[in-house]
Amino acid sequence: MKHIKAYIRHRKTEEVHDAMKKAGFCCMTFVECEGTGQYSDQETDHISEKYPFADAYRVIKVEILLADEHVQTVIDLIKKNARTGYSGDGMIIVSPVDEVYKVRNDETGILSI
């Protein structure tokens, strides 16, 4: 099992979500963040009012847990639907998952998700 974290432009969130849902990936988390990076699409991305000293931009972190066989499909979906062609389009991080614990019913181990 893998944990994918993707940092994408705020304005690409709906496209990424719709593509993932259409492909059958229903369960993911979206977190609004602010970060710094090599942003060049300043016509549509705005510097943070909260962290203007850092030239931070609003980004979305998408998180999803997947069986290993679905990882490349999700990476391809994110890359295709989050890309604008400008620097600062984001990044995708894939990490192994050793254990998953369900709070509701105490199930443990690698669960089918």
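1. This note opens at the end of the first helix. Gly 24, just after α1, adopts a positive phi of about 100°. The model under discussion is a predicted one, and the points below move from this helix to the strands and then to individual residues.

2. Helix α1 has a buried side made up of Thr 13, Val 16, Ala 19 and Met 20. Around the axis these residues cover an arc of only 140°, which places them on the same side of α1. The face turned away from that buried side carries Glu 14, Lys 21 and Lys 22, which are exposed. As to partners, the buried residues of α1 pack against β1, β2, β3 and α2.

3. The overall plan may be stated next. The protein contains 2 helices and 6 strands, and from the N terminus the order of elements is β-α-β-β-α-β-β-β. Of its 113 residues, 34% count as buried. The exposed surface amounts to about 7,400 Å², of which carbon and sulfur atoms supply 49%. Considering contacts between residues at least 6 apart in sequence, 72% join residues that are at least 24 apart.

4. Helix α2 comprises 12 residues, 71–82, and its first and last C-alpha atoms lie 16 Å apart, close to the 16 Å expected at 1.5 Å a residue. Its buried residues are Val 71, Val 74, Ile 75, Leu 77, Ile 78, Asn 81 and Ala 82. Viewed down the axis of α2, they fall within an arc of 160°, so they line one face of the helix. These buried residues pack against β1, α1, β3 and β4, the last of these strands spanning residues 90–96.

5. Which strand is largely enclosed by the rest of the structure? It is β3, since 7 of its 10 residues are buried. Strand β3 covers residues 57–66. Both helices direct buried residues towards this strand: β3 is among the packing partners of α1 and also among those of α2.

6. Strand β3 also pairs with two other strands. With β1 it runs antiparallel, and 8 bridges join the two. With β2, residues 29–35, the pairing is again antiparallel and extends over 7 bridges. Lys 61 of β3 illustrates both pairings: this residue is the bridge partner of Tyr 7, and Val 31 stands opposite Lys 61 as well.

7. Arg 9 deserves separate attention. This residue belongs to strand β1, which spans residues 2–9. Is Arg 9 buried or exposed? Its relative accessible area is 1%, under the 20% limit, so Arg 9 counts as buried. Its side chain makes two polar contacts with other side chains: one with Asp 89 at 2.9 Å, and one with Thr 84 at 3.5 Å.

8. Finally, the start of the chain should be examined. Met 1 lies in the segment before β1. With a relative accessible area of 13%, Met 1 falls under the 20% limit and is therefore buried. Which residue, 96 residues away along the chain, has its C-alpha atom 5.4 Å from that of Met 1? The residue is Val 97.

Technical notes: Residues are numbered from 1 along each chain as its sequence is written. This is a predicted model: local features need pLDDT of at least 70, side-chain atom pairs count only at pLDDT 80 or more; totals for chains, interfaces and linings use all residues. Side-chain values use heavy atoms; hydrogens and water are left out. Helices (H or I, at least four residues) and strands (E, at least two) are DSSP runs, numbered from the N terminus. Buried means under 20% relative accessible area, exposed over 50%, partly exposed in between (1.4 Å probe, protein chains only). A polar contact is a pair of N or O atoms within 3.5 Å; within protein, one must be able to donate a hydrogen and the other to accept it, and residues adjacent in sequence count only if both atoms are side-chain atoms. Contact means heavy atoms within 4.5 Å. Accessible areas come from the Shrake-Rupley method with a 1.4 Å probe; for residues, only the protein chains shown count as cover. The expected span of a helix is 1.5 Å times one less than its number of residues. The arc is that of the directions from the helix axis to the C-beta atoms. Two strands pair if DSSP finds at least two bridges between them.
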